[in-house]
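Reader: Could you give me a close look at one part of this model, the helix packing and the largest cavity beside it? I'd like to know who touches whom and what lines the hole.

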Amino acid sequence: MSWLTPQVIDILYAMFQAIVILLGAVLLGAVMTVVERRLLGLWQDRYGPNRVGPFGSLQLIADMIKIFFKEDWIPPFADRKLFMLAPMIAMASLLLSFMIIPITPGWGIADLNIGLLFFFAMAGINVYAVLFGGWASGNKYALLGAMRASAQTLSYEVFMGLALMGVVGLAGSFNMREIVQAQEGLWFIVPQFFGFCTFLIAGIAVTHRHPFDQPEAEQELADGYHIEFSSMKFGMFFIGEYVGMVLVSALIVTLFFGGWQGPWLPPFVWFALKTGFFLMLFVLLRASLPRPRYDRVMSFGWRVCLPLTLINLLVTGVVILLDTPG
Amino acid sequence: MELAFYLSGLVAIVATLGVIVGTNAVHSLLNLIVSLIAVAIVFFALGAPFAGALEVIVYAGAIMVLFVFVVMILNLGQGADEQERLWLRARTWLLPAALSLILLGTLLVTLAAGDGGQMIGGRTLTAKAVGTTLFGPWLLVVELAAMLLLAGLVTASHVGRLPRDRRDDRKGGD
């Protein structure tokens with residue numbers, strides 16, 4: 001066994017971690033589709049899907065079989081290349097972002113120095129999924145949805161970045177591990193409360209979850225940019241949305257709630273519990289809020305959230321400067 | 001890392017060629033995005049991950065989105081493809097290609113001559129020299145130019161807003 005040097009074992013272990021985290025993220029996204037429907041049922045005083053298997057636990061498998069065996073149809077008027085590319089970008093860009101999230105002190109794929117910037121880059125690429133999907137469909141509802149989505153995502157990405165700069169300033173690093181370690185004594189939710197609020201709003205808007213799902217509004221746009229997609233192409237958009245939800249929850253936990261830190265329980269359990277809490281919050285928001293009008297969403301972003309993040313950043317800067325000795 | 005450098009450099013060149021010879025505007029833009037991401041990987045390989053990340057965030061993630069957005073609103077269609085194809089005839093691209101070749105030749109000759117090539121001005125201006133000049137003696141002018149840009153932005157927003165009566169219409173719908 002001469003080739004089994006410590007170096008090779010390290011590489012194999014890193015690959016094993018990466019595969020487990022990848023599968024975990026996709027599976028969690030898939031499971032969330034069913035959990036969300038059950039929870040929506042609970043909060044709206046009805047049952048939700050409870051027929052397949054005990055308590056509807058096999059609903060996910062039924063959904064998967066249905067989606068796999070549907071006809072994978074490409075409309076004759078569609079732009080074939082971009083039509084096939086769009087769902088891939090939707091899922092891949094969000095899955096790649098899981099690379100930077102430190103799950104426990106020992107677990108996590110890449111320990112990038114530019115960690116947070118990598119997430120912004122992937123979020124920027126993710127816009128193309130919706131844009132190309134809507135345009136390639138050759139359908140006016142899809143195009144309108146894509147227009148809305150890209151304008152909304154661009155506006156909200158502006159202050160999503162600014163909202164996190166307070167955290168970066170306090171931690172003094174873009175590296176996610178160092179950000180978690182900087183929260184040893186005090187979670188960043190306390191000094192960066194406004195940063196947290198705006199990041200939560202921006203995170204919901206960028207993954208176009210309810211109440212920011214105007215791009216897909218059923219009653220106006222008949223599902224928006226993914227109206228022409230069927231079978232697994234739709235499945236990738238669909239799972240991609242839930243993967244985005246998991247990603248934003250994990251990011252909020254890492255950046256504002258101390259990541260894996262917490263008393264008594266092992267680090268992984270703390271991380272999972274906190275992430276689970278924010279996933280529930282996403283569903284609760286969908287269950288309880290109506291969908292605002294599109295122009296209201298845009299003006300809320302530019303007139304309320306952007307000034308708020310700027311003031312937050314200014315005050316954080318002043319505090320950091322006053323705190324610095326000498 | 002050298003392999004990554006050369007591979008992504010090759011991808012960047014091929015994708016940029018695709019931008020120039022492509023006839024479909026949206027496909028050309030996709031090629032340009034690929035080219036920008038390839039350049040970002042070149043930055044990573046050179047050991048400048050910060051520049052690479054900013055390249056993706058600013059160019060691929062923001063500026064190109066606006067390009068794609070505008071092209072999609074224009075809704076070009078088959079006619080535009082035909083027109084592009086006409087423009088790619090030999091007699092249209094021969095002269096620009098010849099001019100570019102002259103520039104390429106000049107660049108190669110200068111590179112071959114190395115640092116020894118005498119500049120006309122006698123010395124080379126570095127980025128640092130430009131920076132210290134701009135934010136040293138010319139600081140006031142730079143700030144004035146910034147204010148001019150801000151004034152332009154305010155004017156554009158004023159020109160682009162809805163007239164008062166139409167705005168009232170929209171309020172009525174609340």
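Author: Contact here means heavy atoms within 4.5 Å. Keep in mind that this is a predicted model.

With that cut-off, let's start between the chains. Helix 4 of chain A meets helix 3 of chain B through L117(A), F120(A), A121(A), G124(A), I125(A), V127(A), Y128(A), L131(A), F132(A) and W135(A). On the chain B side, the partners are F50(B), A53(B), V56(B), I57(B), A60(B), G61(B), M64(B), V65(B), V68(B) and M72(B). Sorted by class, that contact comes out as 18 nonpolar, 2 polar and no charged residues. As for geometry, the two axes come within 9 Å and cross at roughly 20°. Angles under 35 degrees count as roughly parallel, so helix 4 of chain A is roughly parallel to helix 3 of chain B. The crossing is left-handed.

Now stay inside chain A. Helix 3 (residues 80-97) packs against helix 9 (residues 231-256) at an angle of about 20°, with the axes 9 Å apart. That makes this pair roughly parallel too, and helix 3 of chain A passes helix 9 of chain A in a left-handed crossing. Helix 3 of chain A brings residues including F83(A), M84(A), P87(A), A90(A), M91(A) and L94(A), while helix 9 of chain A answers with K233(A), M236(A), F237(A), G240(A) and V243(A) among them. The class split for this contact is 14 nonpolar, 3 polar and 1 charged.

On to the hole. The whole structure has 4 cavities of 30 Å³ or more, and the largest has a volume of about 130 Å³. Its lining is A90(A), L94(A), N126(A), A129(A), V130(A), T207(A), H208(A), Y225(A), F237(A), G240(A) and E241(A). Helix 3, helix 4 and helix 9 of chain A each supply at least two of those residues. A90(A), L94(A), F237(A) and G240(A) thus do double duty: they belong to the contact of helix 3 with helix 9 in chain A and also line the largest cavity. By class, the lining has 6 nonpolar, 4 polar and 1 charged residues.

Notes
Residues numbered from 1 in each chain as written. Chains lettered and ligands numbered in written order. Predicted model: local features only at pLDDT ≥ 70, side-chain atom pairs only at ≥ 80, totals over all residues. Heavy atoms only, no water. Axes fitted to C-alpha atoms, helices over the stretch in contact; angles between N-to-C directions. Helix = DSSP H or I, 4+ residues; strand = E, 2+ residues; numbered from the N terminus. Parallel < 35°, antiparallel > 145°, perpendicular 65-115°, else oblique. Left-handed = near helix turned anticlockwise from the far one by under 90°. Nonpolar A, V, L, I, M, F, W, Y, C, P; charged D, E, K, R; others polar. 1 Å grid on protein atoms, 1.4 Å probe; cavity = no way out; pocket = protein on both sides within 12 Å on 5 of 7 lines; lining within 4 Å. Points joined across faces, edges and corners; volume = space filled by probe spheres on them.
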